[in-house]
Amino acid sequence: MPLIFSASPFYPQRICVLIAIAGNETKYFHNNNIDKEPNETLAYHGYIGATPTSPTIAFSFQLLEAYRQLHRTSPRLVFEAYMKALCHLHQIPFRKYIAEQLRMAFDTYLEILHQVDIRVATAMKRDDNWRKKNACAPCLYKVRDEPALKFSLLAAMDGNSSLKLVDSAFRPGARRADDRTQRCNFWATPEEVDLFKDEGKKEPPAEPSQAVPGPSTQTQQDIQWEAPANNDTNQSIEVCLERWRNAGPEARKRMFALFAVAGIFLVVCRHGHLLFICDMIRSGELMKYPLALVKKMLNNYGDDIALAYDIACAFHKTLERSSLGPAAQHHRLRGIVPAFHGHAHNRGCQVEWHPMYIEGVGLEDFEECERTFSKSNALATGTRLATSFHRHQLIEEHFLFHSEDKYAESGNFIYNNYRQAQEIIRADGARLMTLSKELKTGPNDYERYLASEREYLERLKREPPEAKRNHEMLDYAIIQQGATSKEINNINTRRRTTQNRWNTINEEALQFEESHDIVDRWTPQSREYQDALTVMAERKYRKALDNLERLMVQRLFELSKLGLSGVGYKQREKIGQALRTRSEAIKHARDEYNTYAALLHPPRPELSWAQLVEITTLGEFDLLRDARQDIRQLEWARPVNREAMQLYFRIKRANEEIERLNVEITRLLTFMLDEHTDFFYAIADNMIRNPTLAYELQQRWLYSQKVNEGIVSKLLQASRLRSFTGCLQPSSHINRDADHNQDIPLPPWAEGFAWNDTPTHENENEAEDDDTVDSLIQYFENL
């Protein structure tokens with residue numbers, strides 16, 4: 001489609017090929033102004049040239065917007081594929097340079113849209129921080145006199161390695177300088193991230209009485225996820241952390257040289273809106289990335305944030321020792337392990353970090369990062385060989401569209417969650433009432449069961465103080481007198497090499513002997529010596545039994561989850577994978593148990609792997625009779641009590657979810673009404689002095705109202721649910737005047753909207769026993 005500029009004394013004749021979605025046609029455009037560039041004339045007629053001066057190919061705005069929207073719904077669509085399709089439509093041969101020129105024109109088009117966005121934001125009196133403060137209306141748009149929630153914000157963070165960037169050193173051709181930077185302010189810059197690059201090197205001070213080995217020398221400047229201090233209290237956390245380390249660290253190390261950027265690390269709210277993001281530069285998930293985003297979260301959103309992370313149980317140790325530790329404690333930041341990932345953690349970790357047992361989080365599973373990555377992964381085909389600027393541009397466009405989609409789905413989110421919470425209360429409530437009457441238990445008992453289980457699992461991590469104290473005294477006596485013991489040989493070897501060290505050890509030994517009132521040293525033939533050997537053998541046996549007991553109890557509890565009706569296929573697979581990982585630990589614990597069991601008098605029977613595999617309930621684990629405490633006799637370990645406890649906490653979380661949803665409904669309605677008011681004032685202010693901007697504002701306002709109509713329809717649907725306790729009434733934002741919306745016409749979605757009408761309930765004629773349902777709701781509200 002040729003475009004011919006008419007000749008002028010100062011402007012020579014030019015021919016330009018126009019590419020559009022419509023059919024071929026020839027147009028003549030006149031440009032008699034020497035000060036006007038060709039692209040200005042093209043833009044006036046709805047086209048953008050591929051080059052800033054002397055364009056030979058131009059693309060229509062309609063074509064560029066079509067690609068923008070198609071790429072929004074299908075991120076795998078690249079310029080080459082789109083351009084080939086257009087060439088086939090117009091029956092012209094495809095040339096690769098046309099796709100490259102389309103890319104350049106698209107950059108210009110996005111910059112134009114960005115400048116329009118800036119003018120629209122200025123007209124609506126929104127500064128650069130407005131998006132961060134209002135990224136998600138249900139989560140962040142706080143209103144006056146709203147009920148206080150335990151957690152002000154529920155969010156999740158995680159890293160993803162799909163959106164890599166290949167280093168230019170591994171690509172052919174010369175690298176072109178490009179000083180353009182990202183446009184959005186949700187990025188954490190590399191400088192902000194590198195403030196925490198040395199935080200992992202901080203170690204907690206060891207107590208003088210403990211012989212804690214020093215940290216191994218790190219060869220990298222940045223430290224990968226470190227294990228907590230090597231003591232018994234952190235063994236369960238180390239087990240959880242090791243499962244993520246097994247994801248192939250050697251493969252990650254090999255890829256860092258090829259990729260300048262290894263992926264992204266982000267934070268999203270529970271509705272899926274992106275809050276902050278940063279690049280993982282030549283590394284995996286180092287500690288500096290979550291620390292940098294935690295700092296941004298605390299600075300922007302303040303107190304009482306519940307922030308989930310796959311290894312939150314290990315990360316909180318790093319956070320406490322970092323420079324952010326005091327701030328995190330001051331703002332009451334709460335770490336959580338996402339529900340799906342929680343099943344790969346041991347049971348001792350689950351009772352502390354799983355959302356089922358954390359008050360105030362509702363039914364949130366904190367797996368929104370995985371759902372977000374499932375969509376953003378499709379960008380990988382266009383980011384790996386792009387420039388740094390174009391990679392950021394693709395990511396920004398994707399997440400801006402992603403947030404728009406999540407906002408449009410917010411009404412559906414509230415409706416589905418409200419219905420799910422009520423179904424849990426109805427379905428599980430009847431069963432819990434029956435069990436509570438049979439067992440004669442109540443909420444206090446279920447809370448006590450959880451506390452007892454936490455205490456039991458915590459106690460298994462360490463040896464009882466009295467057993468450790470007796471062992472230290474007996475072991476000392478054997479070292480001093482038992483010439484046949486291994487320890488005395490080591491001491492003699494050291495004595496021959498350095499008399500000073502022996503004198504120091506001997507002095508400490510004499511002080512220990514005096515403090516424990518040991519007068520006569522024992523001989524291998526003395527009764528005390530033999531008793532000491534027996535006690536030490538039993539101690540090692542008990543410790544091996546404790547370890548085997550802990551692993552088996554956790555295995556049995558997770559086996560019980562596989563049989564629950566509410567556990568889906570993927571969750572069952574995750575639990576099964578965790579059980580297979582734990583099986584290796586059980587094998588080692590069994591071998592250790594058999595070794596020490598054979599040293600007892602009389603020896604305990606050897607335990608085979610087949611015997612352990614066949615155990616499916618605590619009642620079949622006869623070995624627990626020899627443990628320090630028979631877990632089968634504990635109330636919280638009984639299957640029926642555990643079922644009641646799970647139902648109780650599930651219903652408790654459902655009630656919390658309804659409480660949060662009621663707050664989110666008011667926030668969302670208030671935001672929609674305030675946005676309508678902002679559009680109204682902005683259009684009125686610019687209608688005379690800047691009519692083109694007023695027209696753009698009007699078009700965006702009309703589209704916003706259509707989206708809001710869909711949201712309101714879902715909120716109305718939620719209000720018709722049985723036992724709906726919310727209020728479809730907007731309020732006023734905490735930082736806006738209460739009368740700001742007065743004298744403003746109601747938006748179309750609110751015209752005829754009866755704010756105070758009592759809604760009719762869905763399926764009212766199909767309710768079988770309304771009195772029973774209402775009594776269940778009242779019963780669990782009173783818990």
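Which residues does Phe-61 touch, not counting residues up to four places away in sequence? Select Phe-61 and show what surrounds this side chain: the contacts are Ala-43, Gly-46, Tyr-47, Ile-48 and Tyr-109. Keep in mind as you go that this is a predicted model.

**Stop 1: the whole chain**

Zoom out for a moment before going on. Colour by secondary structure and you'll have 28 helices and 11 strands to look at. The chain has 783 residues, and buried ones make up 48% of them. Now think about contacts: among those with a separation of 6 or more, 76% are between residues 24 or more positions apart.

**Stop 2: back to Phe-61, and on to H2 and H3**

Go back to Phe-61, which sits in helix H2. Is this residue buried or exposed? Neither, quite: Phe-61 has 26% relative accessibility, so it counts as partly exposed. Add Phe-106 to the selection and draw a distance between the two C-alpha atoms. You should get 9.3 Å, for a pair that is 45 residues apart along the chain.

Next, select all of H2, residues 61–73, together with helix H3, residues 79–90. Their axes come within 12 Å and cross at roughly 130 degrees, which means H2 is oblique to H3. Turn the view until one helix lies over the other, and you have a right-handed crossing.

Now show side chains where the two helices meet. On the H2 side, pick Leu-63, Ala-66, Tyr-67 and Leu-70. On the H3 side, pick Phe-79, Tyr-82 and Leu-86. How many nonpolar, polar and charged residues does this contact have? The split is 7 nonpolar, with no polar and no charged residues.

**Stop 3: H4 against H27**

For another helix pair, select H4 (residues 96–123) and H27 (residues 691–719). The axes here are 11 Å apart, and the packing angle is about 85 degrees. H4 is therefore roughly perpendicular to H27.

Light up the contact next. H4 brings Val-116, Asp-117, Arg-119, Val-120 and Ala-123, while H27 brings Leu-693, Glu-696, Leu-697 and Arg-700. Colour these by residue class: 5 are nonpolar, 4 are charged and none is polar.

**Stop 4: two lysines with positive phi**

Follow the chain past H4 into the loop that leads to helix H5 (130–133), and stop at Lys-125. Check the backbone here: phi is near 60 degrees, a positive value in a residue other than glycine. Put a surface on the model and you'll find Lys-125 exposed, with a relative accessible area of 69%.

Then jump to Lys-440, in the loop between helix H18 (410–439) and helix H19 (443–460). What is phi at this residue? It is positive, about 55 degrees, although Lys-440 is not a glycine. Lys-440 also counts as exposed, at 75% relative accessibility.

**Stop 5: Gln-393**

Select helix H17, residues 388–408, and pick out Gln-393 in it. With a relative accessible area of 5%, Gln-393 is buried. Show the neighbours, leaving out residues up to four places away in sequence, and you'll see contacts with Asp-107, Leu-110 and Arg-183.

**Stop 6: inside H11**

Now for helix H11, residues 312–321. Why is this helix described as largely enclosed by the rest of the structure? Because 8 of its 10 residues are buried. To see them, select Ala-312, Cys-313, Ala-314, Phe-315, His-316, Thr-318, Leu-319 and Arg-321.

**Stop 7: the cysteines**

Stay on Cys-313 for the last stop. This residue is buried, with a relative accessible area of 0%. How many disulfides does the model have? The count comes to 0. Cys-313 is in no disulfide, and the nearest cysteine sulfur, 3.6 Å away, belongs to Cys-349. The cut-off for a disulfide is a pair of cysteine sulfur atoms within 2.5 Å.

Finish at Cys-269, which is buried too, with a relative accessible area of 1%. Cys-269 is in no disulfide either: the nearest cysteine sulfur is that of Cys-136, at 3.7 Å.

Methods:
Residues are numbered from 1 along each chain as its sequence is written. This is a predicted model: local features need pLDDT of at least 70, side-chain atom pairs count only at pLDDT 80 or more; totals for chains, interfaces and linings use all residues. Side-chain values use heavy atoms; hydrogens and water are left out. Buried means under 20% relative accessible area, exposed over 50%, partly exposed in between (1.4 Å probe, protein chains only). Axes are lines fitted to C-alpha atoms, for helices over the stretch in contact, and angles run from 0 to 180 degrees between N-to-C directions. Helices (H or I, at least four residues) and strands (E, at least two) are DSSP runs, numbered from the N terminus. Angles under 35 degrees count as roughly parallel, over 145 as roughly antiparallel, 65 to 115 as roughly perpendicular and the rest as oblique. Contact means heavy atoms within 4.5 Å. Ala, Val, Leu, Ile, Met, Phe, Trp, Tyr, Cys and Pro count as nonpolar, Asp, Glu, Lys and Arg as charged, and the others, Gly among them, as polar. A crossing is left-handed if the near helix is turned anticlockwise from the far one by less than a right angle, and right-handed if clockwise.
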